[in-house]
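Grab a pencil and open the viewer. Here are a few exercises to work through, each followed by a solution.

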Amino acid sequence: MPINEDTVKDTKCILPWISLETTPLGKVRPCCLSTEELSGIDLTQDTLDDAFDSKTMRDLRRSFRRGEKPSSCERCWLEEDSGKKSKREYMLDKFSEVEVDYSSNNGTKLQFLDLKLGNICNLKCRICGSWSSSKWAQEQVTQHGKDHIAKDWLKQGQWPRKSNRFWENMDRMLPDINYFEFTGGEPFLIKQHFDLLKRAVDLGHDKDIDIHYNTNGTQYPVQHKVWKNFKHVQIAFSIDNVGDRFEYERDGAKWATVNSNIKKFQKLKEQGYPLSFQICVTWNVQNIFYIDEFLTWAKTCGIDDIHFNLMHDPEEFALSKVPAKMLTPLVLKLQKAQTLHPKYADQIISLKNIVMQSRRTLKHLVEEKYRSGEALVKKLTETDNFRGIKFSDTHPEVAKMIGYE
């Protein structure tokens with residue numbers, strides 16, 4: 001059945017036809033925002049070709065061809081309803097020159113890979129967890145015992161070091177790859193990704209490949225010389241707050257170190273490296289009240305590109321579940337930030353729309369534990385008590401609003 005462009009023009013997504021994401025635990029999803037993994041795919045046994053040709057991916061393409069909005073893509077629909085540009089829309093723009101046969105339920109060819117090559121990480125960020133951070137997993141095993149699922153996740157996060165078939169398949173794919181994303185874990189601590197880049201150079205495929213990183217900013221890799229060979233390398237620093245609030249939210253990081261590393265990377269660009277930079281801020285209940293201070297800092301660091309990301313999971317931190325007592329002061333704060341930072345006015349308005357949507361849904365759809373702030377406080381205090389720190393010491397305004405004691 002041929003695709004009806006009039007039917008799908010507002011819902012079409014290019015990613016199912018050209019892309020896959022590997023998760024830190026060795027599973028596969030259509031993209032990083034999908035709420036569902038591909039059924040029956042495990043990268044310790046299966047290849048990305050197996051995943052790309054799977055029934056789940058064919059069914060997803062068929063759904064888009066019908067003009068449907070797949071439920072697994074609900075995060076993009078939520079963002080678009082708020083007026084925020086979604087990943088779906090970003091990717092349509094980014095790959096606008098790529099020829100795709102939308103009339104087929106089969107993929108065109110894998111050209112974009114979002115690779116999370118395990119969960120090795122040096123931080124225990126509050127908006128993360130054991131599935132993406134080995135440090136988190138180690139803490140949870142210490143805290144809850146060896147029967148905790150985090151112990152299994154520590155093992156599963158080692159999949160890139162155990163799967164020869166995956167790397168053999170990557171060699172075959174390299175001639176078609178135009179774009180890599182490396183996130184984590186912390187990608188600059190994952191040796192296998194540098195091995196992959198060297199392999200691309202050795203095979204002569206480097207000049208056609210763009211690379212995007214999401215890094216926590218604490219690492220300055222000695223292997224950076226390999227980047228000189230690639231078409232373009234964008235380094236996105238995952239920074240959500242400033243000063244001691246940053247250090248609380250990204251446990252194990254030092255604010256001074258991250259700012260120092262940003263300057264080191266900027267010097268590489270001055271030396272001719274094909275680099276560009278971005279700040280990727282994930283807005284959530286912890287940091288949204290401090291948006292003005294964050295954007296004021298951003299002006300000083302010499303990076304103009306700020307990507308407004310949304311926290312979806314863990315859901316206690318999601319803006320769609322802002323505790324009721326925080327809603328009114330937060331809306332006023334966002335209105336002020338909109339005036340003070342007109343460059344980001346549209347993005348701030350979309351954040352405000354999501355908060356306002358939460359105001360409407362709190363009364364009907366959101367459980368009382370979110371509405372009251374009970375779930376958020378419980379999540380914060382459980383970790384605070386184990387680490388011997390207090391949310392109220394660094395985030396006193398938000399702590400008071402949510403009833404943190």
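The exercises below go through aromatic rings, charges over rings, one helix and one loop residue in this predicted model.

**Exercise 1.** Classify the ring pair Phe166 and Trp167: what do the centres and planes tell you?

*Solution.* Start with the general recipe: a pair of aromatic rings is described by the distance of the centres and the angle of the planes. The search of the whole structure turns up 26 aromatic pairs. For Phe166 and Trp167, the centres are 4.9 Å apart and the planes meet at 85 degrees, so this pair is edge-to-face. The cut-off you need here is that planes over 60 degrees apart count as edge-to-face. As for its surroundings, Phe166 is buried, with a relative accessible area of 1%.

**Exercise 2.** Do the same for Phe289 and Tyr290, then decide: is Phe289 buried or exposed?

*Solution.* Geometry comes before accessibility. The ring centres of Phe289 and Tyr290 are 5.9 Å apart with planes at 90 degrees, so you've got another edge-to-face pair. Next, recall that buried means under 20% relative accessible area. Phe289 has 11%, so it counts as buried. Tyr290 has 2%, so that residue is buried too.

**Exercise 3.** Which residues form an aromatic cluster with Tyr220, and where does the charged end of Lys264 sit?

*Solution.* Take the cluster to begin with: Tyr220 is grouped with Phe180, Phe182, Phe188, Tyr213, Trp227, Phe237, Phe265 and Phe277. Now add the charge. The charged end of Lys264 sits over the ring of Tyr220, 5.5 Å from the ring centre. For another example, look at Lys94, which lies over the face of Phe95 at 6.0 Å from the ring centre.

**Exercise 4.** Walk along helix α7: which residues are buried, and what do they pack against?

*Solution.* The helix covers residues 134-144. Begin at its N-terminal end, where Ser133 is the cap: a side-chain oxygen of Ser133 lies 3.3 Å from the backbone nitrogen of Lys135. Moving along, the buried residues are Ser134, Trp136, Ala137, Glu139, Gln140 and Val141. The buried residues of α7 pack against β4 (124-125), α8 (149-156) and α17 (374-387). Finish just past the helix, where Gly145 adopts a positive phi of about 100 degrees.

**Exercise 5.** Where does Ser104 lie, and is Ser104 buried or exposed?

*Solution.* Place the residue before judging it: Ser104 is in the loop between α6 (87-94) and β3 (112-115). Its relative accessible area is 19%, so Ser104 is buried, given that the cut-off is under 20%. Finally, look for partners: leaving out residues up to four places away in sequence, Ser104 touches Trp17 and Arg65.

Terms used:
Residues numbered from 1 in each chain as written. Predicted model: local features only at pLDDT ≥ 70, side-chain atom pairs only at ≥ 80, totals over all residues. Heavy atoms only, no water. Phe/Tyr/Trp six-rings, centres within 6.5 Å; stacked < 30°, edge-to-face > 60°. Buried < 20%, exposed > 50% of the residue type's maximum accessible area, 1.4 Å probe, protein only. Lys NZ or Arg CZ within 6 Å of the ring centre and 35° of its normal. Helix = DSSP H or I, 4+ residues; strand = E, 2+ residues; numbered from the N terminus. Contact = heavy atoms within 4.5 Å. Polar contact = N/O pair within 3.5 Å; in protein donor to acceptor, adjacent residues only side chain to side chain.
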